[in-house]
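Here is a short set of exercises to work through with the model open beside you. Try each task first, then compare your route with the solution below it.

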Amino acid sequence: MCRYVGIFIGLLMFSLISLDSWGEERFRFRVYLKDKGDGGYSVDKPEAYLSREAIQRRVRQGIPLSESDFPIARSYLDTLAAHGGEPILKSKWFSTVVVSCSDSAVATRLSELSIVDSVKWIWKGEEKAERSRYEKQTSRLIPADEPEKSFYGYAEKQIEMLNGIKLHEAGFKGEGVRIAVIDAGFANVERISVFDSLRILGTLNVVFPGESVFIGDEHGTKVLSCLAADTPGMMVGTAPHASYWLIKSEDGRSEYPIEEDYWTAAVEFADSVGVDVISSSLGYFSFDAKELNYNQEQLDGKTSLISKAAHVVSTKGILLFSSAGNEGSGDWGKITFPADATGILTVGSVTEHKKKSPFSSVGLTADYRIKPDMVALGSGCCVVDSSGNIRYGSGTSFATPILAGLGACLWQAFPDITSQEILSLLLRSGSKVRRPDAELGYGIPDVYKAYKRGRKYVARTER
């Protein structure tokens, strides 16, 4: 168990249940329950299932507690286990339980239970070496003989493009804001010098419960550096003084719809421990079992489990930044799931010349909403890899945390307004706010302009 997780073990246990054994081919099914059962929970005693910070976030934004916040009753999990389905994940928001079994016939037995509405196959496999299947991205090592830059180092242009330096100079670098980064892994973050001052609240490995997030994949390392690096003259991120939860939700061994369940478990956990902002650079549409693939008509924010979960995140008072995807030059072309969700800020990529990056996925959604919502530098960004080297990387994976960090800084400036009001301030600061389109959305935000507008807005509401 990672040393950072211990104080929240109670919260973790009702979000995630460990799988004890691997080796043989196993199946996993998503069980849709008819209800969550009576677990003895009440809106009058939220401390039984939410952290103090999560409760305070709801109170601050006038968001009432509801039955959606209640965990699934233990008796229901025991019933599934007694009929051959070992629970490994559960979602209180959607009343679902992911079960593991070695016999696929278990699905039929479970579907006949009175507490079960339906059962869906979402994964099969066995223990094998993990392989990278996160969002595509590229990187190039910065030559060692390149001179050091300004205070922000090699990250200056990606912050300057959004006018983030002026927001920092106004005194807002994310202090007091809690950010969850949901990704594929954070290899060596605890050893890399640019993260020496990183404020870690905790870590969670949804895919391999109890295992460290600091081994294996480095995609999250690069993403985190865009937010939290703090080495003046080399690299400073967009929210270097924020506090962070690091959550691994991507299984690099294969690509199945269970990724949506992992991600949903991750955001439910992030909600329960009281984060304010989520930065997620993961997206899905195609799976190893082709019959499980999505089609573009389903990009309506209401069909995929992951997109519905992203929307629920927004209703809990969390500001979610999601990458648009890197399918712009591929056959799919469009944004990926959950980038189609409502209530979130979907981030596309531009070049240093403020033109759309060729790889950046485009909208509109299937129901003709503007996506991506906004764009940030995603071609030739400054990132740090798992060896501690500063590189130039490309992908909406990096545009997303760059903007998310500055969104957190903006919220630090106005802690008493809602997540949706922060989102609105960002959208209204966009370079294309008068003519949003399917490539750049509302354009490149000017976060200092958003800050100035926010000051006027708060002054009016306080009269």
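## Backbone oddities in the loops

N188 has a relative accessible area of 24%, so N188 counts as partly exposed. Please keep in mind throughout that the model is a predicted one.

**Exercise 1.** Find where N188 sits and say what its phi angle is.

Solution. Start with the location: N188 belongs to the loop between β6 and β7. Next, read the backbone: phi is positive, about 70°, although N188 is not a glycine.

**Exercise 2.** Look at Y368: is this residue buried or exposed?

Solution. First go to the loop between β13 and β14, where Y368 lies. Its relative accessible area is 70%, and the cut-off for exposed is over 50%, so Y368 is exposed. While you are there, check phi: the value for Y368 is positive, near 65°, in a residue other than glycine.

**Exercise 3.** Which residues does a cis peptide bond join in the loop that holds P338, and which in the loop that holds P372?

Solution. Take P338 to begin with, in the loop between β12 (319-323) and β13 (345-350). The cis bond there joins F337 and P338, with omega about 15°. Then move to P372, in the loop between β13 and β14 (374-377). Here the cis bond joins K371 and P372, and omega is about -5°.

## Buried residues and their partners

**Exercise 4.** Is V194 buried or exposed, and which residues beyond its sequence neighbours does it contact?

Solution. V194 is in the loop between β6 (178-183) and β7 (199-205). Its relative accessibility is 5%, so V194 counts as buried. Setting aside neighbours within four places in sequence, V194 contacts A228, A229, D230, T231 and V384. For a longer step in sequence, compare V194 with V236: 42 residues separate them along the chain, yet their C-alpha atoms are 8.3 Å apart.

**Exercise 5.** Do the same for A270: where is it, and what does it contact?

Solution. A270 is part of helix α8 (residues 258-272). With a relative accessible area of 1%, A270 is buried. Its contacts, leaving out neighbours within four places in sequence, are A180, I247, V275 and I278. A270 and L204 lie 66 residues apart in sequence, and 9.6 Å apart from C-alpha to C-alpha.

**Exercise 6.** Which members of the largest nonpolar core touch the most other members?

Solution. This core has 69 residues, and the members to pick out are I179, V181, L224, Y244, F321 and L410. Helix α10 (residues 396-413) contributes the most to this core, 11 residues. Another core lies apart from it, with 48 residues, including F285 and W332.

## Helix crossings

**Exercise 7.** Describe how α10 meets helix α11 (residues 419-428).

Solution. Begin with the axes: they come within 10 Å and cross at roughly 115°. The crossing is right-handed. Now list the residues: G407, L410 and W411 of α10 meet S419, I422, L425 and L426 of α11. Sorted by class, five are nonpolar, two are polar and none is charged.

**Exercise 8.** At what angle do α11 and helix α12 (residues 447-461) cross?

Solution. Their axes come within 8 Å and cross at roughly 125°, and α11 and α12 are therefore oblique to each other. This crossing is right-handed. The contact brings E421, L425, L426 and R428 of α11 to V447, A450, R453, G454 and Y457 of α12. By class there are five nonpolar, one polar and three charged residues.

Conventions:
Residues are numbered from 1 along each chain as its sequence is written. This is a predicted model: local features need pLDDT of at least 70, side-chain atom pairs count only at pLDDT 80 or more; totals for chains, interfaces and linings use all residues. Side-chain values use heavy atoms; hydrogens and water are left out. A nonpolar core is a set of buried Ala, Val, Leu, Ile, Met, Phe, Trp, Tyr and Cys residues joined through side-chain atoms within 4.5 Å. Buried means under 20% relative accessible area, exposed over 50%, partly exposed in between (1.4 Å probe, protein chains only). Helices (H or I, at least four residues) and strands (E, at least two) are DSSP runs, numbered from the N terminus. Axes are lines fitted to C-alpha atoms, for helices over the stretch in contact, and angles run from 0 to 180 degrees between N-to-C directions. A crossing is left-handed if the near helix is turned anticlockwise from the far one by less than a right angle, and right-handed if clockwise. Contact means heavy atoms within 4.5 Å. Ala, Val, Leu, Ile, Met, Phe, Trp, Tyr, Cys and Pro count as nonpolar, Asp, Glu, Lys and Arg as charged, and the others, Gly among them, as polar. Angles under 35 degrees count as roughly parallel, over 145 as roughly antiparallel, 65 to 115 as roughly perpendicular and the rest as oblique.
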